[in-house]
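Dear colleague,

I am passing the structure below on to you, together with an account of what I found when going through it. Please read the notes with the coordinates open beside them.

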Amino acid sequence: MQIIVIGCGKVGSRFAQVLSEEGHDVVVVDRDSNSFKILDPEFNGITITGVPIDQDVLKKAGIETADVLAALTPDDNINIMVCQVAKEIFKVPKVIARIFDPAREQVFHEFGLTTICPTKMTVEVIKSMVVSEPATSLQTIGNTTVVYNYVKVQSSYFGKKLSSVKPKDNSFIFGIIHNGSFYFSNEDVTINEGDTLVIAQKKN
């Protein structure tokens, strides 16, 4: 796939690196060229310096033929504007935005955007730790509601790779919270004591 990643912070750079290693064509856009220093020296994608909401910058990144655009900057406003441009003007098939303010999530959904809110996920996990009960959160993607369950890892999984965990029913492993950071399921992470699995399932 041809994928454009907006924002080369810790999440954006790691996401770009993982997809590039899997053989996808990845372009990373960031307004600060120094941000690209966080990328692995062996990263074989393309980096472009420029304002991500500038249509000329996006065209240079190949948005006219892109399959996916993921807006992962720390600025919710930038993320929503880039996603709107990608979806409405360039008709990118799949547009994903990271947001930090849960109160804005409904606004993103009204624009038909797929979102991921790490703030909400983190709050739910901490809550489950405090009150000692399983935590869940809901995300609306298009017309479908996805339930995310946060489950403490069982000891039988300690030392295994995240990719080896296969949940039951119609759910799947969305990712894991490991040492305070979130990792997607396709990342090379070894499960340890204290980790929390994020399991996704469509709401019936």
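The largest nonpolar core in this predicted model has 26 residues, and those with the most contacts inside it are Ile4, Ile6, Val29, Ile63 and Leu69. Two or more residues are given to this core by each of β1 (2-6), β2 (25-30), α2 (55-60), β4 (68-71), α3 (76-89) and β5 (94-98), and it is α3 that gives the most, with 6 residues. If you would like one residue from which to look around this core, I would suggest Ile63: leaving aside its neighbours within four places in sequence, Ile63 is in contact with Ile4, Leu58, Leu69, Ala86, Phe90 and Val92. A second core, separate from the largest one, has 13 residues and includes Ile3, Ala16, Val26 and Leu72.

Ala61 may be worth a look as well, placed as it is in the loop between α2 and β4. With a relative accessible area of 4%, Ala61 is buried, and, not counting residues up to four places away in sequence, Ala61 touches Gln2, Ile4, Val27, Val29 and Ile48. Ala61 and Gln2 are 59 residues apart along the chain, and their C-alpha atoms are separated by 10 Å.

On the cysteines, the structure holds 0 disulfides. Why does Cys8 not form a bond with Cys83? The cysteine sulfur closest to that of Cys8 is the one in Cys83, and because the two are 17 Å apart, they are too far from each other for a bond. Both residues are buried, Cys8 with a relative accessible area of 3% and Cys83 at 0% relative accessibility.

Turning to the surface, Val51, Ile53 and Met81 make a nonpolar patch of about 210 Å². Of these residues, Val51 lies in the loop between β3 (46-49) and α2, where its relative accessible area of 38% makes Val51 partly exposed.

One backbone angle deserves a note, since you may otherwise stop at it when checking the geometry: phi of Lys91 is near 55 degrees, which is a positive value in a residue other than glycine. Lys91 lies in the loop between α3 and β5 and is exposed, with a relative accessible area of 56%.

Further along the chain, I looked at three other positions, taken here in sequence order. Val147 is found in strand β8, which covers residues 144-152, and at 17% relative accessibility Val147 counts as buried. Between Val147 and Gly50 there are 36 Å in space, taken from C-alpha to C-alpha, while in sequence Val147 and Gly50 are 97 residues apart.

Ser163 lies in the loop between β8 and β9 (172-178) and counts as partly exposed, at 48% relative accessibility. The C-alpha atoms of Ser163 and Phe184 are separated by 9.9 Å, the two residues being 21 places apart along the chain.

Gly194, finally, is found in the loop between β10 (181-184) and β11 (196-202), and Gly194 is partly exposed, with a relative accessible area of 43%. From Gly194 to Glu42 the separation is 152 residues in sequence and 32 Å in space, C-alpha to C-alpha.

If you have time for a few views, I would begin with Ile63 and its contacts, among them Leu58 and Phe90, then move to Ala61 in the loop between α2 and β4, and end with the surface patch made by Val51, Ile53 and Met81. Please keep in mind throughout that this is a predicted model.

With best wishes

How values were computed: Residues numbered from 1 in each chain as written. Predicted model: local features only at pLDDT ≥ 70, side-chain atom pairs only at ≥ 80, totals over all residues. Heavy atoms only, no water. Disulfide = S-S within 2.5 Å. Buried < 20%, exposed > 50% of the residue type's maximum accessible area, 1.4 Å probe, protein only. Core = buried A, V, L, I, M, F, W, Y, C linked by side-chain atoms within 4.5 Å. Helix = DSSP H or I, 4+ residues; strand = E, 2+ residues; numbered from the N terminus. Contact = heavy atoms within 4.5 Å. Patch = residues over 30% accessible without salt bridge, like charges linked within 9 Å, V, L, I, M, F, W, Y side chains within 5 Å. Areas by Shrake-Rupley, 256 points an atom, 1.4 Å probe, with all protein chains shown as cover. Salt bridge = Lys/Arg side-chain N within 4 Å of Asp/Glu carboxyl O.
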